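Please open your viewer and get ready to select residues by number. We will walk through the fold one stop at a time.

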Amino acid sequence: MGEWFMAAWVEGLEVWEAARRLGVSVADVDDSVECTWTDVLRGRPSDGEAGVVWAGRLAADWTQIIQVHGFDCEGALQELSYGGRALLMRWDINGPRDLEYAVNGHYVTDFSVTVPGKRWGSDPHALDSYAQGLHFDLDDSGWESDPELPTGWLEYCAWEETRTESGQDYGEEAIPDEWGDFIGLVHNGYSPPMATCLTSALALVGRVTGREIDREWMDGAHTRYVIRDQHNEVPPAGRTPRLSRLASAGKEETRACTSLA
């Protein structure tokens, strides 16, 4: 999915109704097309400010919405959840955001996918039963036993930690040839512990919806909608629309201090 990802999962709505709640107008429907992921941006209207989503049925009663451009899903979780449930997950170059969960128009919980036990909302533990056995701790070293790690990765990480602590720059110490690609991987965002947290979050969503996002769905044809609305300004740094909504509603966020078993 790359360095930027945003998706919402909606229960009990037809795909077109979920799109309408995101802000798709009658005029926008005329621009909707069935397409694959490869073609999702091909031939779209040349309105650079418009949002773009790619949506389709995921499971019996769940619609999956991938935000391709813009931030429409980020501001619409409450609206999407009326009559059912909705989840929102996203990350960017600054790391993952909290996983959010709403039920019938009410924000229920969101929690950090990298800090164990950090939960917020009216029912902070609402998703805990779906999280058993998953890993939401960026400092957990369990990823080190992953058999799919590149050969030599752990040795490289130990060397990199020593180099950083000593203040050495690259080039001051010889780097083994077999580690040549690792520096590039790190600079491009490769991080096994972060990947473990993100895949755990997607697995949790899959447990709620009954199906994880998978290759079969991504290879299929779904509906692309263009959303010419006002949702797509970049949120001010340090203040997301979620926090603005909570503040304006006068809600008190409650932190749950117990970690998952």
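This tour goes from a helix to the cores, then to a loop, a histidine and the cysteines. Keep in mind that you are looking at a predicted model.

**Stop 1: helix H4**

Start by selecting residues 153-166, which make up helix H4. Its 14 residues reach 20 Å from first C-alpha to last, close to the 20 Å expected at 1.5 Å a residue. Now show the side chains of Trp153, Tyr156, Trp159, Glu160 and Arg163, the buried residues of H4. Why do they sit on the same side of H4? They cover an arc of only 120° around the axis, which puts them on one side together. A general rule fits here: an α-helix has 3.6 residues a turn, so residues three or four places apart point the same way.

To see what covers these buried residues, add helix H5 (180-187) and helix H6 (192-209), which are included in that cover. Then step just past the end of H4 to Gly167, where phi is positive, near 80°.

**Stop 2: the nonpolar cores**

Next, select Trp9 and Leu204. Among the 35 residues of the largest nonpolar core, these two touch the most other members. Strands E1 (5-11), E3 (51-59), E4 (62-69), E5 (85-92), E7 (99-103) and E8 (106-111) each supply at least two residues of this core, as do H6 and helix H7 (215-219). Which element gives the largest share of the core? That is H6, with eight residues.

Center the view on Trp9 and show what surrounds it. Beyond residues up to four places away in sequence, Trp9 touches Leu58, Trp62, Thr63, Gln64, Arg85, Ala86, Leu87, Leu88, Met89, Leu202, Val205 and Thr209. For a second, separate core, of 23 residues, select Ala19, Tyr107, Tyr225 and Ile227, which are included in it. As a general point, nonpolar side chains in soluble globular proteins tend to be buried together.

**Stop 3: Ala86 and Asn104**

One of the contacts of Trp9 was Ala86, so select that next, in strand E5. Ala86 is buried, with a relative accessible area of 0%. Setting aside neighbours within four places in sequence, its contacts are Trp9, Val10, Leu77, Leu80, Ser81, Glu100, Tyr101 and Ala102.

From Ala86, draw a C-alpha to C-alpha distance to Asn104: the two are 8.5 Å apart in space and 18 residues apart in sequence. Asn104 belongs to the loop between E7 and E8. Is Asn104 buried or partly exposed? With a relative accessible area of 41%, Asn104 is partly exposed. Check its backbone too: phi of Asn104 is near 50°, a positive value in a residue other than glycine. Most residues other than glycine have a negative phi.

**Stop 4: His222**

Move on to His222 in strand E10 (residues 222-227). This histidine is buried, at 10% relative accessible area. A polar atom of the His222 side chain lies 2.8 Å from the backbone oxygen of Trp217. Apart from neighbours within four places in sequence, His222 is in contact with Val33, Glu34, Cys35, Trp54, Ala55, Gly56 and Trp217.

**Stop 5: two cysteines**

Finish with Cys157 and Cys197. Cys157 counts as partly exposed, at 26% relative accessibility, whereas Cys197 counts as buried, at 0%. How many disulfides are there? Taking a disulfide as a pair of cysteine sulfur atoms within 2.5 Å, the count comes to zero.

Technical notes. Residues numbered from 1 in each chain as written. Predicted model: local features only at pLDDT ≥ 70, side-chain atom pairs only at ≥ 80, totals over all residues. Heavy atoms only, no water. Buried < 20%, exposed > 50% of the residue type's maximum accessible area, 1.4 Å probe, protein only. Helix = DSSP H or I, 4+ residues; strand = E, 2+ residues; numbered from the N terminus. Polar contact = N/O pair within 3.5 Å; in protein donor to acceptor, adjacent residues only side chain to side chain. Contact = heavy atoms within 4.5 Å. Expected span 1.5 Å × (residues − 1). Arc of directions from axis to C-beta. Core = buried A, V, L, I, M, F, W, Y, C linked by side-chain atoms within 4.5 Å.
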